[in-house]
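Biologist: Could you put the model up? I'd like to go through it with you.

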2 protein chains.
Amino acid sequence: MPVGLLSPDPALLHPVKGVRIAVAEAGIRKKNRKDVTLFCLDEGTDVVGVFTQNRYCAAPVQVCRAHLSSGAAIRALIVNTGNANAGTGELGLQAARQTCAALAQRMGLEPSQVLPFSTGVIMEHLPWQRMDAVMDDLLVNVQVDRWAQAAEAIMTTDTIPKAVSQQVQLSHGACVTITGISKGAGMIRPNMATMLSYLATDAVIDKALLQPLVHELADQSFNRITIDGDTSTNDAFVLMATHQAGHAPIVSWDSADGQLLKAALLQVARTLAQAIVRDGEGATKFITVQVQGGRTVQECQWVAYAIAHSPLVKTAFYASDPNLGRILAAVGYAGIGDLNQLDIALFLDDVQVVSHGARHPGYREEEGQRVMKQSDIVVRVELGRGDAAHEIWTCDFSHDYVTINADYRS
Amino acid sequence: MPVGLLSPDPALLHPVKGVRIAVAEAGIRKKNRKDVTLFCLDEGTDVVGVFTQNRYCAAPVQVCRAHLSSGAAIRALIVNTGNANAGTGELGLQAARQTCAALAQRMGLEPSQVLPFSTGVIMEHLPWQRMDAVMDDLLVNVQVDRWAQAAEAIMTTDTIPKAVSQQVQLSHGACVTITGISKGAGMIRPNMATMLSYLATDAVIDKALLQPLVHELADQSFNRITIDGDTSTNDAFVLMATHQAGHAPIVSWDSADGQLLKAALLQVARTLAQAIVRDGEGATKFITVQVQGGRTVQECQWVAYAIAHSPLVKTAFYASDPNLGRILAAVGYAGIGDLNQLDIALFLDDVQVVSHGARHPGYREEEGQRVMKQSDIVVRVELGRGDAAHEIWTCDFSHDYVTINADYRS
């Protein structure tokens, strides 16, 4: 059961002018489920993306990078589940390229104008011909109001689809739409925690702003979530800007409209990112880890991820056990070589647990227990060394995580 | 159930001349169990140690470091379980110092000649007076043949005691004894995976060789094991050399006797270290991770630990599922920025699974399945970039791990 997360209401997912979507059953791995999604983009759309840092990145990730850096005008995205096309060597690259070529030919495009995405089992050859077989059908059926279907079709072991939509009014009356979907932290059967997210807006944004924007959005959202520290081979976050909202272009984020638009984009990206954690495999708790008082943001990140990745901390949250020495131990091994443990303070929500590195005199275990029983918990560590801070989001570690991931692929 | 590990036979644990041991029930946390161990060392013994790198190191670790670096002749070690004396601030330091002072006074020593060790629950004050209350009893009862009792008394959630003994003949007929004990990877109730190990030898070894020796032994043994990546606040590995075996001193490891002695010491240290993994919490498999063909040892270590710490890899081993894309993904995110995935090969024991970064043409899943069902498995990754290599040992990740660590402290 996801933590504090409901299935999106399709009626609230606003179409984005210039983006048409279709889904189909190609039988990539299983029958009777939609497993291919097509995004068709109007001419004039700009597309930017960030991809996994994993050096074992999948073939489609390699092809996406090549097509985006070629400067080609991207007009279509095609996404399959059931097979990650990763660990597949040269044959995998050929399969990804053939997928693009087959779609491009039908659309009268160059192959480099298509971006391919895959998620699913690793080390198995992608049966791309099955995608080829549904392309005509996909192209006939593209519609602007298919975001909910797309959110469902890109799922792997996600338990519910993830989609968010936001409309904001700019200063001269133009209404701008941002709609996005994501899939996340399902791993086995298919067996990788691929994070995929597609975010589209019809806002008119100066092209030069887009690449820095997608990085900033990722840094503030998808790059702050972790389920188990396993970076996927296929992670991708793509931003599509169709520029069709009919307002004066945003040329700087400092303007009032720029600030509003960016805040709305960030809100959508964060909601999608947090939804992945809330639906993390076996998750029963959503945990915000805040680290403050560091000398650098980097050292705050080290501490935050040490806490978020510690199996001992994660199982203690699962047990609702305020076994908080485990958090202190993670702070201690996070990699800050000159950390002084006597400077450390620790809070669970509003409850101070540790001061000067040891149990806070006023701390009562019943108070810690009360917070640990909540489904949403904020862990705040004060390092007492400086002014830097960082925040990430994670979930607990339950029996269901082991069950899901120890289940034999079938 | 530990993996391929039996309780040591007390009759095979040879006394080490110059080391006398006693254990007692102090009731530190629970009644009716031995929870304090005393080692008394003859005059002339040299003691060296390595300790946790965790900056949240426990009070006794801080006191050990201070006493060892003071140059004092160490004559006693006192170890308690049930309480880690970590996350206890200034009061914790006082408790550790008072323990040393109380024992030193009875033995006619300086407090700096005593080393204190603790393992158990974090963030609770150590009731050191309970140790004080059993010190007279301990001092009356010290005996040379108490290694098996000590191995048992230092346990926390270990399921069986860990002890090894080795005797070797040096070239002029002298028989040298090495005996050691360790405790490991039990975490909750008490709640930290403190690794403690005590190794003694009566070999006559030049003092200048000892400090480098203990580091080298640790690097080749205890620093190569991981259960879950959570570095304890209390880890300690101590080597005691009593110099009473009556042979010409070892002044270099290059001599025939030096090589033999060092090999025996290393064998004991490795066996004790691997025993910790074999008795890891919830462990059902013992996994050797070998990474070869790296440019540097460090990058081989990164890859080995990425594999050993991946919850996805560990749950796949638990399931006996040759879901080997997970290993490739871990190789890919281990931190080698210029890794070429097409250079990678992967073996499970003698079965080649991956060549040139993709599924090996001759690989059959039944073969992978056969190896995955074993209780001892070697995973070998070939990076194809150079001549460096590294090897570490870990275990799988089971439902019992979650059960043990999500169990409420009581």
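Biologist: How many residues does each chain put into the contact?

Modeller: Chain B gives 64 residues and chain A gives 64 residues, where contact means heavy atoms within 4.5 Å. This is a predicted model, so local features need pLDDT of at least 70 and side-chain atom pairs count only at pLDDT 80 or more, while totals for chains, interfaces and linings use all residues. Residues are numbered from 1 along each chain as written, chains are lettered from A and ligands numbered from 1 in written order, and side-chain values use heavy atoms, without hydrogens and water.

Biologist: How much area do chain B and chain A bury between them?

Modeller: About 5,200 Å², with 57% of it on carbon and sulfur atoms. Buried area is the accessible area (1.4 Å probe) that two parts lose on being put together, summed over both.

Biologist: Which three residues of chain B supply more than any other three?

Modeller: Arg55(B), Tyr56(B) and Met123(B), which supply 16% of the area chain B buries against chain A.

Biologist: Switching to the sheet in chain B. What's the strand order?

Modeller: E3-E10-E8-E7-E6, five strands in an open sheet with mixed pairing. Strands (E, at least two residues) and helices (H or I, at least four) are DSSP runs numbered from the N terminus, and two strands pair if DSSP finds at least two bridges between them. The edges are E3 (46–51) and E6 (162–169) of chain B, each pairing on one side only.

Biologist: Do E8 and E10 run parallel or antiparallel, and what does Ser197(B) pair with?

Modeller: Strands E8 (196–201) and E10 (236–241) of chain B run parallel, joined by six bridges. The bridge partner of Ser197(B) in E10(B) is Phe237(B).

Biologist: Which strands does helix H7 of chain B lie across?

Modeller: H7 (256–278) of chain B lies across E6, E7 (175–183), E8 and E10, at about 165 degrees to E6(B). Angles run from 0 to 180 degrees between N-to-C directions, with axes fitted to C-alpha atoms, for helices over the stretch in contact. Helix H6 (207–220) of chain B lies across E3 and E10, at about 30 degrees to E3(B).

Biologist: Now chain A. At what angle do H1 and H2 pack?

Modeller: H1 (59–69) and H2 (89–107) of chain A pack at about 55 degrees, with their axes 8 Å apart. That makes H1(A) oblique to H2(A); under 35 degrees counts as roughly parallel, over 145 as roughly antiparallel, 65 to 115 as roughly perpendicular and the rest as oblique.

Biologist: Which residues of H1(A) meet H2(A)?

Modeller: Ala59(A), Pro60(A), Gln62(A), Val63(A) and His67(A) in H1(A), and they meet Gly92(A), Leu93(A), Ala96(A), Arg97(A) and Cys100(A) in H2(A).
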